[in-house]
Amino acid sequence: VSWEVKAASSMRRGSYTINGPDGVIADMSITAFPGDVGGNLANVNRWRGQIQLSQIDAATLAQSSTQVAGQDLMLTMVEMTNPNMADPQGILAALVNFEGSTWFFKLQGPDKLVAAEKNNFIALLKTVKGHNQ
């Protein structure tokens with residue numbers, strides 16, 4: 001498995017293609033938007049909809065999210081999978097509010113590849129820092 005850097009775009013601050021075995025591919029994006037972009041629950045439910053999962057409530061989000069310490073920021077990470085899709089999909093995502101913007105780190109693709117890359121995704125999150133130190 002390899003992570004290949006793709007060119008950033010107007011929407012993406014960072015972009016990677018994760019090349020898995022047998023030609024399977026996942027996408028990793030880093031984006032930032034002003035404000036809270038609807039809040040964590042709205043964003044998690046939007047992602048759940050992208051892989052045909054039902055919405056959750058705030059209590060379920062609190063129980064199912066994990067805090068990951070970056071260099072000087074605390075990120076909220078969520079993990080979701082839908083094995084019932086014709087092409088089972090998974091998402092690992094993290095959100096952090098920083099200086100008036102919300103940053104999103106999202107890995108989406110075939111559920112087995114996403115699950116296999118969880119440790120690498122967390123390792124990337126641990127490198128996130130808000131300020132140059």
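1. In this predicted model, K6 and D27 form a salt bridge in which the closest N and O atoms are 2.9 Å apart. The two residues belong to distant parts of the chain, K6 lying in strand β1 and D27 in strand β3, with their positions 21 residues apart in the numbering. As for their surroundings, K6 counts as partly exposed, because its relative accessibility is 32%, and D27 is likewise partly exposed, with a relative accessible area of 21%. That value for D27 is to be read against the cut-off, since a residue is called buried when its relative accessible area is under 20%.

2. D27 also takes part in a salt bridge with R12, where the side chains meet at 2.7 Å, N to O. Because R12 lies in strand β2, which covers residues 12–19, and D27 lies in strand β3, this pair ties together parts that are 15 residues apart in sequence. R12 is partly exposed, its relative accessible area being 23%.

3. Taken together, K6, R12 and D27 are linked in a network of salt bridges, and a reader new to the structure may wish to view these residues as a group. Side chains of opposite charge can pair when their charged atoms come close.

4. The structure holds 3 salt bridges, and one of them joins the side chains of E79 and K118, at 2.8 Å from N to O. Here, too, distant parts of the chain are linked, for E79 is in strand β5 and K118 is in helix α4, 39 residues apart. E79 counts as partly exposed at 44% relative accessibility, and K118 counts as partly exposed at 26%.

5. Helix α4, in which K118 lies, spans residues 118–125, and its buried residues are F121, I122, L124 and L125. When the helix is seen down its axis, these buried residues fall within an arc of 155°, so they line one face of α4. This arrangement can be read alongside a general property of helices: an α-helix has 3.6 residues a turn, so residues three or four places apart point the same way.

6. Which strands help to cover the buried residues of α4? The cover includes β1 (2–6), β3 (25–34) and β4 (66–69), together with β5 (74–82), β6 (89–98) and β7 (101–110). Among these strands, β5 is also tied to the helix by a salt bridge, since it holds E79, the partner of K118 in α4, while β1 and β3 hold K6 and D27, the pair with which this note began.

Technical notes
Residues numbered from 1 in each chain as written. Predicted model: local features only at pLDDT ≥ 70, side-chain atom pairs only at ≥ 80, totals over all residues. Heavy atoms only, no water. Buried < 20%, exposed > 50% of the residue type's maximum accessible area, 1.4 Å probe, protein only. Helix = DSSP H or I, 4+ residues; strand = E, 2+ residues; numbered from the N terminus. Arc of directions from axis to C-beta. Contact = heavy atoms within 4.5 Å. Salt bridge = Lys/Arg side-chain N within 4 Å of Asp/Glu carboxyl O.
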